Each structure stands twice: as structure tokens, then as C-alpha cells.
Amino acid sequence: MEKIGYDEIASIFNAASMRIRENIKELSALDAATGDGDHGTTMGRAMDAVEKAVSESAGSDLKTLLYNIGWGAMCIDGGSTGPLMGSLFMGMSDAVADKESLDCEALAAMFEAGLAGVRKQTKAKVGDKTMMDALEPAVKAIREACDAGKSVPEALAAGAEAAMKGAESTKELVARFGRAKNLGERTLGHQDPGATSIALMFKGFAEAFK
Ligand SMILES: [Mg+2]
């Protein structure tokens, strides 16, 4: 598959939502270890907003679809999760103006713009035990796959794999952001819930093409 369009972007978000929904309990359990235990239900609300935006955007264009998904996620209650997810999707929206379809280059640029959007919300970097530990490697892997001439599904599969590895790497890290920061060394051994959500979303993105 050389290019994807509106319908494929809508389906990758629905697939991501399904992956998150299957793991709401697990995500809350991860958060309970180092935080307040609400991450799963918060992500569930974010996915309600995503699914609603996908269904209400029918007939619009790619930019509007991603903007509506981002705005929906931005507006949920629940601490930093909504603004972070919202800025990811709204950043992606910025990169697809006037585009009806995305080749691998445009796909990589879209995810890079999403990452840039998140960077406006947080100073967290790889190694700080946050969603960035999954997001940055995923975006980088998608870029590298596209630069190596891979197809859109192959690039998304590479992104999913990198995100999962990144999320798993957070077990070895000490939290430097959010509520978990107060627990310091006690966060060692626990996988970051935000990074895990990102990994599940990228897994869904990739699975939409299987
Ligand atoms: Mg929480």
C-alpha cells in the first residue's frame, strides 16, 4: 500500500481505540502502582471522544478529522492525559492540510508534527519515564522505515514495535514527571502507563492493515 486516505486514517484510530479499550484495567493497574490509578478510565474517556470525533467527522477532510479527534481528546477530564493526547492528534492535523492521501513521507511528517505538538505541552524527554519513551522511538522508527523505502503498513508496524520496546524500557527508569516523580526510586520496575497507552495506540494503528 503506497498511500492511505481519509478512510484508512479513520480506521487506524478506531483500531487504536479498540486496543486501548481491551486494556483499560491493565492501564489503571499500572497507574495504581505509581499514581492514582485512573489512567485506564481516563484513556477510555479519551477513546470515547476519539470515536465520537471519527463518526461525527464523516464527509469532512483529513485535516478536519484529525483536528476533531485532537480537540475531542484535549477536552476530556483527567489531568495531563487529555492535553497530551489532544496535542499529539492536533499536531498531526497541522501536517495534513490540503492533503487527500498520505504516502510514507507524508505519514512520517504527520507523526513528527504530532510529536512537535506534544513537545509544546511537556518538557519530558526519552528517559524520564513518560509517554515520550514510547512516542519518540515510534515516530523515529516510522521516519526511518519511510526513508528506507518501506510501505505505509511496514512503517506503522515498525512504529508499533519501537513504541512497545520503548514502553517496556520504562520499567528500568525512575520517574521524573507527574505524580510518580514523588515516588522516585520506588517507580523502578513499574512500566509507565502513559508510554503503555502510546504503545497500544501504535499497535492499533499498525493492526488496522492486517
Ligand atoms: Mg493517574
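User: How far does helix α5 (residues 81–94) reach from its first C-alpha to its last?

Analyst: A caveat before the number: this is a predicted model, where local features need pLDDT of at least 70, side-chain atom pairs count only at pLDDT 80 or more, and totals for chains, interfaces and linings use all residues. Numbering runs from 1 along each chain as its sequence is written. Helices here are DSSP runs of H or I with at least four residues, strands are runs of E with at least two, and both are numbered from the N terminus. Helix α5 has 14 residues, and the expected span is 1.5 Å times one less than the number of residues, which puts the expected value at 20 Å, close to its actual reach of 20 Å.

User: How many of the residues of α5 are buried?

Analyst: Buried means 20 or more other C-beta atoms within 10 Å of a residue's own (12 or fewer is exposed, in between is partly exposed, with C-beta atoms placed from the backbone). The buried set includes L84, M85, L88 and F89. Helix α5 is largely enclosed by the rest of the structure, because the buried count is 12 of the 14.

User: Which helices do those buried residues of α5 pack against?

Analyst: Contact means that two C-beta atoms, placed from the backbone, lie within 7 Å. By that rule, the buried residues of α5 pack against α3 (39–56), α4 (62–74) and α6 (104–121).

User: Which helix gives the most to the largest nonpolar core?

Analyst: A nonpolar core is a set of buried Ala, Val, Leu, Ile, Met, Phe, Trp, Tyr and Cys residues joined through C-beta atoms within 7 Å. This one has 68 residues, and L107, A138, I142, A155, A163 and I198 touch the most other members. With 10 residues, the top contributor is helix α8 (residues 152–169).

User: What covers the buried residues of α8?

Analyst: Those buried residues include V152, A155, L156 and A163. The cover includes β1 (4–5), α6, α7 (132–147) and α9 (193–207).

User: Which residues is I142 in contact with, leaving aside its neighbours within four places in sequence?

Analyst: I142 is one of the core residues that touch the most other members. Its contacts beyond those neighbours are L107, A108, F111, A155, L156, A158 and G159.

User: What radius of gyration does the protein have?

Analyst: The radius is taken over C-alpha atoms, and the globule rule is 2.2 Å times the number of residues to the power 0.38. For 210 residues, a compact globule would come out near 17 Å, which agrees with the protein's 16 Å.
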